[in-house]
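Please take a moment with the sequence and the model shown here before reading on. The report that follows moves from a single residue to the chain as a whole, and then to its core and its loops.

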Amino acid sequence: MKIVIDEDKCVGAGQCVLATAEVFDQRDEDGIVVLLDPVPPESQRAPVEEAAARCPALAIEVLP
């Protein structure tokens, strides 16, 4: 699995961090998502997909 973030779409809602703080964080200055692990282990798939689904701006794409 690979994660792609579109920072231009991100609105800083933080739903991704709530879903899986091991993979996502936010910049202090503006709340934009920070990808901590662009290729997380398969064991993180469910929370990563949950994070993508929760994103109100659809800024997270999960690739196979």
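Is Glu61 buried, partly exposed or exposed?

## A residue in the last strand

In this predicted model, Glu61 has a relative accessible area of 44% and is therefore partly exposed. The residue belongs to strand S4, which covers residues 60–63. When neighbours within four places in sequence are left aside, Glu61 is in contact with Lys2, Ile3 and Val4. Two of the positions to look for together are Glu61 and Glu49, which stand 12 residues apart along the chain and have C-alpha atoms separated by 8.6 Å.

## The chain as a whole

The secondary structure of the protein chain consists of two helices and four strands, and these elements follow one another from the N terminus in the order β-α-β-β-α-β. The radius of gyration is 10 Å, close to the 11 Å that the globule rule gives for 64 residues, so the chain is as compact as a globular protein of that length. Taken along the principal axes, the box filled by the C-alpha atoms is roughly 30 × 20 × 15 Å.

Of the 64 residues in the protein chain, 33% are buried, and the accessible surface comes to about 3,800 Å², with 50% of this area belonging to carbon and sulfur atoms. Among the contacts with a separation of 6 or more, 56% are made by residues 24 or more positions apart. As for charge, the chain has 5 positive and 13 negative charges, and the mean positions of these two groups lie 5 Å apart.

## The nonpolar core

The largest nonpolar core has 16 residues, and those with the most contacts inside it are Ile3, Cys16, Phe24 and Ile60. Helix H1 and helix H2 (45–54) each supply at least two residues of this core, while the largest share, three residues, comes from H2.

Where does Phe24, one of these well-connected residues, sit in the chain? Phe24 is placed in strand S2, which covers residues 24–26, and because its relative accessible area is 0%, it counts as buried. Apart from residues up to four places away in sequence, Phe24 touches Ile3, Ile5, Cys16, Val17, Val33, Val34, Leu35, Leu36, Ala51 and Ile60, a list that includes Ile3, Cys16 and Ile60, which are themselves named with Phe24 for having the most contacts inside the core. The C-alpha atoms of Phe24 and Gly14, 10 residues apart along the chain, are separated by 8.9 Å.

## Where the first helix meets later residues

Ala19 is part of helix H1, which covers residues 15–19, and with a relative accessibility of 21% it counts as partly exposed. The cut-off matters for this reading, because a residue is called buried under 20% relative accessible area.

Which residues does Ala19 contact, once its neighbours within four places in sequence are left aside? They are Pro47, Glu50, Ala51 and Arg54. Ala19 can also be compared in position with Ala52, since their C-alpha atoms are separated by 9.0 Å although the two residues are 33 residues apart along the chain.

## Residues in the loops

Three residues illustrate the loops, beginning with Asp8, which is found between strand S1 (2–5) and H1. Asp8 has a relative accessible area of 77% and is therefore exposed. From C-alpha to C-alpha, Asp8 and Ile32 are 8.9 Å apart in space, and they are 24 residues apart in sequence.

Gln44 has its place in the loop between strand S3 (33–35) and H2, yet at 18% relative accessibility it counts as buried. Not counting its neighbours within four places in sequence, Gln44 is in contact with Met1, Thr20, Glu22 and Val23.

Leu58 lies in the loop between H2 and S4, and with a relative accessible area of 60% it is exposed. The backbone of Leu58 also deserves a look, as its phi is near 55°, a positive value in a residue other than glycine. Most residues other than glycine have a negative phi.

Terms used. Residues are numbered from 1 along each chain as its sequence is written. This is a predicted model: local features need pLDDT of at least 70, side-chain atom pairs count only at pLDDT 80 or more; totals for chains, interfaces and linings use all residues. Side-chain values use heavy atoms; hydrogens and water are left out. Buried means under 20% relative accessible area, exposed over 50%, partly exposed in between (1.4 Å probe, protein chains only). Contact means heavy atoms within 4.5 Å. The radius of gyration is taken over C-alpha atoms; the globule rule is 2.2 Å times the number of residues to the power 0.38. Accessible areas come from the Shrake-Rupley method with a 1.4 Å probe; for residues, only the protein chains shown count as cover. Lys and Arg count as positive and Asp and Glu as negative; His and the chain ends are not counted. The place of a charge is taken as NZ of Lys, CZ of Arg, CG of Asp or CD of Glu. A nonpolar core is a set of buried Ala, Val, Leu, Ile, Met, Phe, Trp, Tyr and Cys residues joined through side-chain atoms within 4.5 Å.
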